[in-house]
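Please work through the exercises below with the sequence and the coordinates open side by side. Each task is followed by a solution that proceeds step by step.

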Amino acid sequence: MFEGIFSSEVGSAMTAALKAMSAWEIAAVILALAYLLLAMKEKISCWYAAFASTTIYLFLFWDVSLMMESALQIFYLLMAVYGWWQWRHHRDQQRNLKIHCWPFATHLAVLAGVGLLTLVFGYLLDTNTNAALPYLDSFTTWGAVITTYMVTRKVLENWLYWIVVDGVSIYLYIDRGLYLTALLFALYVIIVIVGFFQWLAIYKRESRGADVPTEISANGQPAIAAAKQLD
């Protein structure tokens with residue numbers, strides 16, 4: 001008897017979730033997945049997918065009263081343009097933008113800053129608006145702001161930050177009835193773990209290459225010594 005009631009409740013919940021999914025949410029999810037998979041491969045086209053997905057989510061989040069998340073999408077739009085520009089035209093024209101790590105002190109400062117902003121904006125939303133889950137909304141928003149910037153600069157640890165931000169976002173979206181988006185972020189948690197190890201391998205490979213001494217070739221151009229060992 002209890003199994004039948006449980007199965008019925010699960011079935012009803014799944015039916016409601018499917019009905020709640022809009023064509024726009026499906027499109028946003030597909031584009032968001034494309035962004036993450038392309039970013040893992042360091043493909044500049046990831047920023048096109050990010051821009052399109054973000055535009056859709058801006059309106060979706062506003063519609064379900066996630067005000068900070070909606071405002072975050074405007075930042076994402078700007079970061080999509082900035083990220084594309086950074087990856088295509090790095091300020092140091094002598095070499096491409098490389099995957100690198102931030103110092104531990106920088107991470108401590110960033111975490112403290114995100115924590116403070118979460119408390120301040122969470123309180124402001126809680127006391128002055130009808131925003132849903134104001135503190136969680138603020139945390140995921142400010143966490144995503146710094147983490148997105150880290151992606152544009154190819155900071156290796158961005159993937160570790162995303163694990164936390166995406167994990168918290170899952171609960172946030174389930175509460176707001178954005179079930180497909182919640183599923184997307186559950187997939188994100190898995191994909192970002194893979195992305196971290198993929199970037200880590202690239203980082204180690206590029207670091208080994210940077211340690212190889214250079215020599216001047218016969219035509220006066222620098223040549224990498226023992227380059228065959230890196231193939």
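The four exercises that follow concern a predicted model.

**Exercise 1.** Describe the overall make-up of the protein chain, beginning with its secondary structure.

Solution. Counting the elements gives eight helices and two strands, and reading along the sequence gives the pattern α-α-α-α-α-α-α-α-β-β. Turning to burial, 40% of the 231 residues are buried. The exposed area of the chain is about 13200 Å², of which carbon and sulfur atoms supply 68%. Finally, if one takes the contacts between residues at least 6 apart in sequence, 69% of these join residues at least 24 apart.

**Exercise 2.** Determine how helix α3 and helix α4 are oriented relative to each other.

Solution. Begin with the axes: those of α3 (residues 46-63) and α4 (residues 67-88) come within 8 Å and cross at roughly 170°. Angles over 145 degrees count as roughly antiparallel, and α3 and α4 are therefore roughly antiparallel to each other. The residues that make this contact include Trp47, Phe51, Leu58 and Trp62 on the α3 side, and Ile74, Leu77, Trp84 and Trp87 on the α4 side.

**Exercise 3.** Is Ala132 buried or exposed, and which residues outside its sequence neighbourhood does Ala132 touch?

Solution. Locate the residue to start with: Ala132 sits in the loop between α5 and α6 (134-152). Its relative accessibility is 10%, and because buried means under 20% relative accessible area, Ala132 counts as buried. Next, set aside the neighbours within four places in sequence; the contacts of Ala132 are then Ser65, Leu66, Asp137 and Arg176. Of these partners, Ser65 is 67 residues away from Ala132 along the chain, yet the C-alpha atoms of the two are separated by 6.2 Å.

**Exercise 4.** Identify which residues form the nonpolar patch on the surface, and explain why Val120 is classed as partly exposed.

Solution. The patch consists of Leu116, Leu119, Val120, Tyr123, Leu124 and Tyr135, which together have about 580 Å² of accessible area. Its largest share, five residues, comes from helix α5 (residues 104-128), the helix in which Val120 lies. For Val120 the relative accessible area is 38%; since buried means under 20% and exposed means over 50%, with partly exposed in between, Val120 is partly exposed. Membership of a patch requires over 30% relative accessible area, a cut-off to be set beside the 38% of Val120.

Technical notes: Residues are numbered from 1 along each chain as its sequence is written. This is a predicted model: local features need pLDDT of at least 70, side-chain atom pairs count only at pLDDT 80 or more; totals for chains, interfaces and linings use all residues. Side-chain values use heavy atoms; hydrogens and water are left out. Patches are made of residues with over 30% relative accessible area and no salt bridge: like charges are joined within 9 Å, nonpolar side chains (Val, Leu, Ile, Met, Phe, Trp, Tyr) within 5 Å. Accessible areas come from the Shrake-Rupley method with a 1.4 Å probe; for residues, only the protein chains shown count as cover. A salt bridge is a side-chain nitrogen of Lys or Arg within 4 Å of a carboxyl oxygen of Asp or Glu. Helices (H or I, at least four residues) and strands (E, at least two) are DSSP runs, numbered from the N terminus. Buried means under 20% relative accessible area, exposed over 50%, partly exposed in between (1.4 Å probe, protein chains only). Axes are lines fitted to C-alpha atoms, for helices over the stretch in contact, and angles run from 0 to 180 degrees between N-to-C directions. Angles under 35 degrees count as roughly parallel, over 145 as roughly antiparallel, 65 to 115 as roughly perpendicular and the rest as oblique. Contact means heavy atoms within 4.5 Å.
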